[in-house]
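This report describes selected parts of one structure in running text. The sequence and the structure come before the description.

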Amino acid sequence: MESCKRFVLEGGLESSSPINIVKAGFQDLTEHKEPLFGSSTACIMVLDKKSQMLHSSNLGDSGFLVIRQGSIVHQSSEQQHYFNTPYQLAIPPPGQAGAVIQDSLDEAESTSFSVELGDLIVLATDGLFDNVSTEQILNELSQLEDHSSESIQHVTDSLANLARAHSFDPTFSSPFSEQARCEGFNIIGGKPDDITVLIAVVSEMGDDSDT
């Protein structure tokens, strides 16, 4: 994400789709002077304010929701090879190229969606979606007093804290445990995992740039 951020700040957003941003960031890592090994899912969104189009690229089980007047009107699809094994970008250690999952960005889901003023956009890692149901997410969002940064931050923190509490609850019937049981695994409780939550509001505020 730091590489993607640098690409955008250097002007890469002008004519780039989200997938090009991810590609530029990943290429920067592969060309890094010091070896960097690991894997990650990726979810990037770009809002074109002039056309009011929301463009997205998602690889893996991080994802997003677009909520309008309390209902989900657009969302990403979870990409998994099999249960609990998401699509992912990877830079394996030397000699391990065939031993780890390495997916191509050509497999990322790319969408474009027309948004309206007041739409809420929730982006998060699977640490949220595995531990908080869609109904609970919508319920937390309904607590927004207004679209001020303070209110948005409060609800964002509330969602992250709820996901964390559920993740360590051994008796909670989490979305992860429910899916596990559907796959034939006897799993109960939440799933401790990384939790990242971002919330944005489509508004008229901001500068005069197009994106």
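Phe 83 is buried, with a relative accessible area of 18%; buried means under 20% relative accessible area, exposed over 50%, and partly exposed in between, with a 1.4 Å probe and protein chains only. The model is a predicted one, in which local features need pLDDT of at least 70 and side-chain atom pairs count only at pLDDT 80 or more, while totals for chains, interfaces and linings use all residues. Residues are numbered from 1 along each chain as its sequence is written, and side-chain values use heavy atoms, with hydrogens and water left out.

**Aromatic rings**

The structure holds two aromatic pairs. Rings of Phe, Tyr and Trp (its six-membered ring) pair if their centres lie within 6.5 Å; planes under 30 degrees apart count as stacked, over 60 as edge-to-face and the rest as tilted. The rings of Phe 83 and Phe 176 are stacked, because their centres are 5.3 Å apart and their planes stand at 25 degrees. This pair links distant parts of the chain, 93 residues apart: Phe 83 is in the loop between strand 6 (80-82) and strand 7 (85-86), and Phe 176 is in helix 6 (residues 175-182). Helices (H or I, at least four residues) and strands (E, at least two) are DSSP runs, numbered from the N terminus. Phe 176 is buried, as is Phe 83.

The rings of Phe 83 and Phe 185 also form a stacked pair, with centres 5.3 Å apart and planes at 25 degrees. Phe 185 lies in the loop between helix 6 and strand 11 (197-201), and Phe 83 in the loop between strand 6 and strand 7, so the pair ties together parts that are 102 residues apart in sequence. Phe 185 is partly exposed, with a relative accessible area of 42%. Ring pairs thus join Phe 83, Phe 176 and Phe 185 into a cluster.

**Strands**

Strands of a sheet pair through backbone hydrogen bonds, either parallel or antiparallel. Here an open sheet of three strands has the order 2-3-9, and the pairing is antiparallel. Two strands pair if DSSP finds at least two bridges between them. Strand 2 (42-48) and strand 9 (109-114) stand at the edges with a single partner strand each, so one side of each has no neighbour in the sheet. On average, neighbouring strands of this sheet are turned by 15 degrees against each other, direction ignored. Axes are lines fitted to C-alpha atoms, for helices over the stretch in contact, and angles run from 0 to 180 degrees between N-to-C directions.

Strand 3 (residues 53-59) pairs with strand 9 in the antiparallel sense over six bridges. Met 53 stands opposite Ser 114 in strand 9. Helix 2 (residues 18-30) packs on the sheet and touches strand 2, strand 3 and strand 9; the direction of helix 2 makes about 135 degrees with that of strand 2. Contact means heavy atoms within 4.5 Å.

Strand 4 (residues 63-68) and strand 5 (residues 71-75) pair in the antiparallel sense over four bridges. The bridge partner of Ile 67 in strand 5 is Ile 72. The hairpin of strand 4 and strand 5 has two residues between the strands, and Gln 69 takes a positive phi there.

**Positive phi**

Most residues other than glycine have a negative phi, and most peptide bonds are trans. The table gives two residues with a positive value.

| Residue | Phi | Loop | Relative accessibility |
|---|---|---|---|
| Gln 52 | near 55 degrees | between strand 2 and strand 3 | 30%, partly exposed |
| Gln 69 | near 50 degrees | between strand 4 and strand 5 | 83%, exposed |

**Helix 4 and helix 5**

Two packed helices are described by the angle between their axes and the distance between the axes. The axes of helix 4 (residues 134-141) and helix 5 (residues 149-167) come within 9 Å and cross at roughly 150 degrees. In helix 4, Gln 136, Ile 137, Glu 140 and Leu 141 meet Val 155, Ser 158, Leu 159, Leu 162 and His 166 in helix 5. The residues of this contact divide into five nonpolar, three polar and one charged. Ala, Val, Leu, Ile, Met, Phe, Trp, Tyr, Cys and Pro count as nonpolar, Asp, Glu, Lys and Arg as charged, and the others, Gly among them, as polar.
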